Amino acid sequence: MSRPIGASRPLPLWASAAHRAVFRPRRHVHLRQDTVTVVPKRSAHTVEQPEFIRGLPLTWPHEGWRENIVLEVTPSHRKPRTAGDRFAWGVTRICRWAMDLVTGMGPEQKVDGKHPTTATIAIKPLTESQWLVRFIFLESIAGVPGMVAGTLRHLHSIRRLKHDQGWIKTLLEESYNERMHLLTFLDMYKPGWLMRCIIFAAQGVFYNTMFFSYLVSPRVCHRFVGYLEEEAVHTYTRCLQEMDSGSLPGWAAPGFKIPDIAVQYWGLQEGRRTMRYLILSIRADEASHRGVNHTLGNLDQGSDPNPFVQESSHFRHMELAATRPAGLERGETIRSE
């Protein structure tokens with residue numbers, strides 16, 4: 001029997017019981033003669049929003065992406081130059097290993113380990129369900145650093161009775177953007193109890209680690225986030241390649257629709273309301289975070305202004321994806337003032 005539109009492929013035989021609990025689809029499929037109806041399964045954790053909450057304007061509306069920008073984004077890697085950079089890169093590799101483990105990525109689904117942020121070809125593709133689990137886990141973690149850094153800089157500003165150098169807005173906007181990514185994917189897939197427990201534990205460890213680490217060395221933390229965003233760009237690039245190769249047919253089916261929250265947030269017009277363009281837009285967001293954090297890691301953490309809040313600057317936040325994926329050097333930001 002053919003697989004229904006948008007349905008996930010069967011799990012591989014190598015999947016453990018724990019992985020099956022993570023990847024188990026959260027929906028019921030009812031068959032009636034020659035028709036298939038997919039009915040989402042309500043989660044015990046689902047909380048319906050009142051109409052007046054859903055109608056509130058976005059805190060940080062997205063500027064949208066020009067098509068040439070989203071198509072130009074490519075995976076990249078900024079080679080470590082200092083001891084702090086090497087430490088940040090080492091921690092990033094540990095995080096990548098942990099994500100591969102908890103999302104059930106098999107050996108044949110992994111890319112070349114010598115080029116982890118640029119190699120995108122694997123022997124075996126992931127399924128739609130595996131990609132969504134990976135996206136949800138990634139975005140649940142990615143929304144933490146910007147909030148931690150923004151909170152600490154906010155407290156520093158009011159404690160020291162002095163202005164911030166424009167960093168707080170960009171950091172909180174980054175965290176908000178990552179959360180919108182997460183909410184979009186949650187409209188497409190409801191994690192099971194095991195995935196929720198993993199996210200709960202990971203967030204607790206990651207938030208507190210980032211909090212104390214940022215107090216010690218904000219520069220290393222921004223470099224670490226830059227490396228994390230390199231991983232995010234790599235993840236979405238590989239997904240796009242597997243979509244283009246026909247390995248993810250459910251997302252290309254005529255009846256597949258992306259969530260309304262995505263259409264509203266990115267301002268997607270007719271013709272662009274596809275899963276492919278949604279992933280392109282999210283990848284461009286991650287590329288901008290990659291460049292911004294690598295840049296912030298190059299600046300003086302106490303005195304240099306944030307170059308991405310200047311309206312007159314040609315280094316616009318949303319355009320960085322296509323300009324400098326490794327970030328701007330400090331001398332460049334000073335000359336741009």
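This report walks through the fold, core, annotated site and empty spaces of one protein chain.

## Overall build

The model is predicted. The protein chain has 337 residues, and 49% of them count as buried. It holds 12 helices and two strands. Read along the sequence, one helix comes at the start, then the two strands, then the remaining helices in an unbroken run. Long-range contacts carry much of the chain. Among contacts with a separation of 6 or more, 79% join residues 24 or more positions apart.

## The nonpolar core

The largest nonpolar core has 69 residues. Within this core, F135, F185, W251 and M275 touch the most other members. Many helices feed the core. At least two residues each come from α3 (67-72), α4, α5, α6 (167-186), α7, α8, α9 (260-266) and α10 (275-296). Helix α5 gives the most, with 12 residues.

F185 shows how the packing works out for one residue. Leaving out residues up to four places away in sequence, F185 touches L132, F135, I136, E139, Y236, M275, I279 and I282. Two of the names in that list, F135 and M275, are also among the residues that touch the most other core members. Another contact of F185 is E139, and E139 leads to the annotated site.

## The annotated binding site

An unreviewed UniProt entry places the feature "binding site" at E139, E178, H181 and E286. These positions are spread over 148 residues of sequence, yet they cluster in space. The largest C-alpha distance among them is 10.3 Å.

E139 lies in helix α5. Is E139 buried or exposed? Its relative accessible area is 2%, under the 20% cut-off, so E139 is buried. Beyond its sequence neighbours up to four places away, E139 touches E178, H181, L182, F185, Y236, I282 and E286. That list includes E178, H181 and E286, which UniProt also gives as binding-site positions.

E178 lies in helix α6. E178 counts as buried because its relative accessibility is 0%. With residues up to four places away in sequence set aside, E178 touches E139, A142, G143, E229, E286 and H289. E139 and E286 appear there, and both belong to the annotated set.

## Pocket and cavity

Rolling a probe the size of a water molecule over the atoms shows where empty space is left. The structure holds three cavities of 30 Å³ or more. The table sets the second largest pocket beside the second largest cavity.

| Space | Volume | Lining by class |
|---|---|---|
| Second largest pocket | about 680 Å³ | 23 nonpolar, four polar, four charged residues |
| Second largest cavity | about 40 Å³ | seven nonpolar, three polar, one charged residue |

The second largest pocket has a volume of about 680 Å³. It is lined by 31 residues, and the closest to its centre are V91, C95, F206, F224 and L228. Helices α4 (83-102), α5 (128-160), α7 (193-216) and α8 (218-244) are the elements that give two or more residues to this lining. Which residue of the annotated set is taken in by the lining of this pocket? It is E286.

The second largest cavity is lined by P145, G146, A149, L171, E174, M210, Y214, C221, H222, V225 and N293. Two or more of its lining residues come from each of α5, α6, α7 and α8.

## Two single residues

H294 sits in helix α10. Its relative accessible area is 0%, so H294 is buried. Apart from neighbours within four places in sequence, H294 is in contact with R78, H222, R223, G226, Y227, E230, P325, A326 and G327. One of these, H222, also lines the second largest cavity.

L161 is found in the loop between α5 and α6. What is the phi of L161? It is positive, at about 55 degrees, although L161 is not a glycine. Most residues other than glycine have a negative phi. L161 counts as exposed because its relative accessibility is 75%, over the 50% cut-off.

Key. Residues are numbered from 1 along each chain as its sequence is written. This is a predicted model: local features need pLDDT of at least 70, side-chain atom pairs count only at pLDDT 80 or more; totals for chains, interfaces and linings use all residues. Side-chain values use heavy atoms; hydrogens and water are left out. On a 1 Å grid over the protein atoms alone, a cavity is a set of points where a 1.4 Å probe fits but cannot get out, and a pocket is an open set with protein on both sides within 12 Å along at least five of seven lines; lining residues have an atom within 4 Å of a point. Grid points are joined across faces, edges and corners, and a volume is the space filled by probe spheres set on the points. Helices (H or I, at least four residues) and strands (E, at least two) are DSSP runs, numbered from the N terminus. Ala, Val, Leu, Ile, Met, Phe, Trp, Tyr, Cys and Pro count as nonpolar, Asp, Glu, Lys and Arg as charged, and the others, Gly among them, as polar. A nonpolar core is a set of buried Ala, Val, Leu, Ile, Met, Phe, Trp, Tyr and Cys residues joined through side-chain atoms within 4.5 Å. Buried means under 20% relative accessible area, exposed over 50%, partly exposed in between (1.4 Å probe, protein chains only). Contact means heavy atoms within 4.5 Å. UniProt positions are given in the numbering used here, feature names are shortened, and annotations may be inferred rather than shown by experiment.
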